[in-house]
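Grab a pencil and get ready to work through a few short exercises. Try each task yourself before you read the solution under it.

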Amino acid sequence: MRTPHALLATAVALAASAVVPVPATAAQAAAPTPGAYYVQSAVTGLNAADASGAVEQHNPKGNEDRQQWTLRANGSAYVLENTDAPGSCLGRSGAQARTVPCAGADAPWEITPTGTDQYTLKAPGTDRHLTVAAKPSGANYPAPLAVGGAGALAAWYLTPVTSPTRPMPPASERTLDQVTFLTSHNAYANGVDGGFAPPFVNLFPNQSRGINQQLADGVRGFMLDIHQTPDGAILCHNSCTLVSRPVALWVDLQRIVDFLKANPDQIATVFLEDYVDPAVLRSELARVGGLSDVLYRPDRTGVRQNGWPRVADLIAADDRLLIFTDHSRAADQSAGLTRDSFGVMYQSEWTVENYWSMGSGVGASDWSCYSRWYGADTNIPLTRTEGAFRPLFVMNHFRDTPMSGTAGTDNSKLTDRARRFCEPAARKKPTFLAVDRYDLGNPKAAVDTLNTYVYP
């Protein structure tokens with residue numbers, strides 16, 4: 001796996017005589033403090049990157065893709081100098097965004113706040129803005145950035161390269177979205193509790209310990225794949241064909257509920273990769289003794305209006321188990337039964353999540369951090385916020401194929417990827433750190449580190 005390079009030093013400012021002066025105005029005071037930033041689309045969550053002179057929106061990738069820009073004043077305007085190419089600034093040429101000499105007339109931007117931590121970048125004396133190009137029907141937003149009119153596509157975050165932090169509040173005050181939980185990817189695929197895949201695939205378990213041991217070890221998030229069989233919702237990878245001794249969903253949920261009953265100060269979350277009919281899932285949940293006693297329903301408690309509650313309040317109310325599904329609400333509506341009617345939340349409505357793969361089990365890795373739900377059919381950026389509501393952030397950190405040596409190395413670098421890649425990409429701290437082989441590489445240390453601070 002390729003280790004990310006150290007953060008590049010901020011480029012030295014050009015001499016004042018080399019910069020085109022622009023008269024000062026009051027607008028300058030409203031812009032961010034000079035420093036190193038990502039220029040991040042408020043619509044797509046992708047970052048402006050220097051692509052051989054063109055400026056394109058790319059998947060956020062830390063310091064590995066010429067995406068870092070040093071903001072500094074230029075009279076009443078500002079320039080954004082690429083940290084990999086001193087003297088080269090984010091500018092414009094005609095209707096296209098380009099990198100241009102910082103001393104040139106096409107480098108300065110008027111930066112104006114337009115909402116909560118969002119800005120427009122406008123060419124001085126014009127109505128031309130840095131913007132994402134309009135999305136063609138049935139396609140992603142184009143990579144090349146443009147210079148055009150105002151509007152939603154011209155809204156930008158200036159996200160600090162070094163994430164701002166403040167100390168974690170005391171236990172009585174911290175809210176659910178301020179806490180980070182260790183999460184096991186494919187928690188059921190452990191080879192201990194039962195079978196999970198056909199004979200060849202089961203040679204590569206994602207975990208090496210059963211659900212009860214995962215709970216004892218501090219795992220609090222569980223990713224489970226469920227498939228429909230005549231026996232109900234069964235935990236299997238891809239399908240349950242040829243799987244010997246598969247485990248039913250209700251069995252693992254019962255283990256989690258029993259743990260919560262025995263440990264009344266703990267909270268757990270289940271993520272379902274969900275291939276069953278809603279009625280089958282409802283029947284499966286009905287088999288879990290005590291589930292309704294601990295099931296948390298954020299849809300009934302004003303979370304969207306008021307934000308996530310304090311963890312202490314959830315514990316006091318015994319609202320200590322969240323269940324999410326990746327299934328489509330629209331598909332359930334067509335079937336006449338929505339999963340949230342019986343307490344299973346639609347994940348894309350309550351969380352954001354980065355794309356799951358860092359690459360194959362061996363070889364080069366991709367540390368970029370971008371939304372799982374970005375494409376021609378949907379667009380839910382990692383940066384999504386809705387007033388007081390901040391979606392919980394699921395950070396995936398694993399490969400296509402789990403291999404113990406690779407997983408151990410990857411997990412030892414979890415803190416680094418979370419802090420330098422994924423926090424700036426999401427503009428929030430991960431709530432769930434999802435890994436393969438959580439017993440290797442000490443990912444619990446990353447959880448402990450992230451739980452010493454909050455992202456403001």
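The exercises below all deal with this one chain, and keep in mind that the model is predicted.

**Exercise 1: a bent helix**

Task: Find helix 10 (residues 414–426) and work out how its end-to-end span compares with that of a straight helix.

Solution:
- Start with the length: helix 10 has 13 residues.
- A straight helix of that kind would reach 18 Å at 1.5 Å a residue.
- Now check the ends: the C-alpha atoms there are only 16 Å apart, so helix 10 falls short of the straight span.
- Next, look for a bend. Helix 10 turns by about 30° at R420.
- Look a little further along and you meet a proline, P424, within four residues of that bend.

**Exercise 2: the surroundings of helix 10**

Task: Is helix 10 largely enclosed or largely open?

Solution:
- Use the cut-off first: a residue is buried if its relative accessible area is under 20%.
- In helix 10, 10 of the 13 residues pass that test.
- Among them are L414, R417, A418, F421 and C422.
- Helix 10 is therefore largely enclosed by the rest of the structure.
- R420, where the bend sits, is buried too, with a relative accessible area of 15%.
- Step just past the end of helix 10 and you reach R427, which has a positive phi, near 55°.
- From R427, jump back 382 residues along the chain to G45: the two C-alpha atoms are separated by 9.5 Å.
- G45 sits in the loop between strand 1 (35–41) and strand 2 (47–51), and at 6% relative accessible area G45 is buried.

**Exercise 3: salt bridges inside helices**

Task: Which residue forms a salt bridge with R420, and how far apart are the two in helix 10?

Solution:
- The partner is D416, with the closest N and O atoms 2.8 Å apart.
- Count along helix 10: R420 and D416 are 4 residues apart, or about one helical turn.
- Here's the background: an α-helix has 3.6 residues a turn, so residues three or four places apart point the same way.
- Compare the cover on each partner. R420 is buried, whereas D416 is partly exposed at 28%.
- Now try the idea on helix 11 (residues 443–450), where D448 and K444 are also separated by about one helical turn.
- The side chains of D448 and K444 meet in a salt bridge with an N to O distance of 2.9 Å.
- D448 is partly exposed at 40%, and K444 is partly exposed at 33%.

**Exercise 4: a salt bridge between loops**

Task: Which parts of the chain does the salt bridge of E173 and R310 tie together?

Solution:
- The closest N and O atoms of E173 and R310 are 3.4 Å apart.
- Place each partner: E173 is in the loop between strand 13 (166–167) and strand 14, while R310 is in the loop between helix 5 (303–306) and helix 6 (311–317).
- The pair therefore ties together parts that are 137 residues apart in sequence.
- Check the accessibility: E173 comes out at 41% and is partly exposed, and R310 is partly exposed at 30%.

**Exercise 5: a strand and its neighbour**

Task: Which way do the residues of strand 10 (residues 129–132) point?

Solution:
- H129 and T131 point one way, and L130 and V132 point the other way.
- Don't expect one side to be open, though: all of these residues are buried.
- Strand 10 pairs with strand 11 (residues 145–148) in the antiparallel sense, over 4 bridges.
- To see how the two line up, find V132: it stands opposite L145 in strand 11.

**Exercise 6: two unusual asparagines**

Task: What sign does phi have in N186, and is N186 buried or exposed?

Solution:
- Recall the usual case: most residues other than glycine have a negative phi.
- N186 is not a glycine, yet its phi is positive, about 50°.
- N186 lies in the loop between strand 14 and helix 1 and is buried, at 2% relative accessible area.
- N238 also has a positive phi, near 75°.
- Find N238 in the loop between strand 16 (232–235) and strand 17 (247–248).
- N238 counts as exposed, with 60% relative accessibility.

Technical notes: Residues numbered from 1 in each chain as written. Predicted model: local features only at pLDDT ≥ 70, side-chain atom pairs only at ≥ 80, totals over all residues. Heavy atoms only, no water. Buried < 20%, exposed > 50% of the residue type's maximum accessible area, 1.4 Å probe, protein only. Pairing = 2+ DSSP bridges. Bend = angle between axes of the 7 residues up to and from the residue. Salt bridge = Lys/Arg side-chain N within 4 Å of Asp/Glu carboxyl O.
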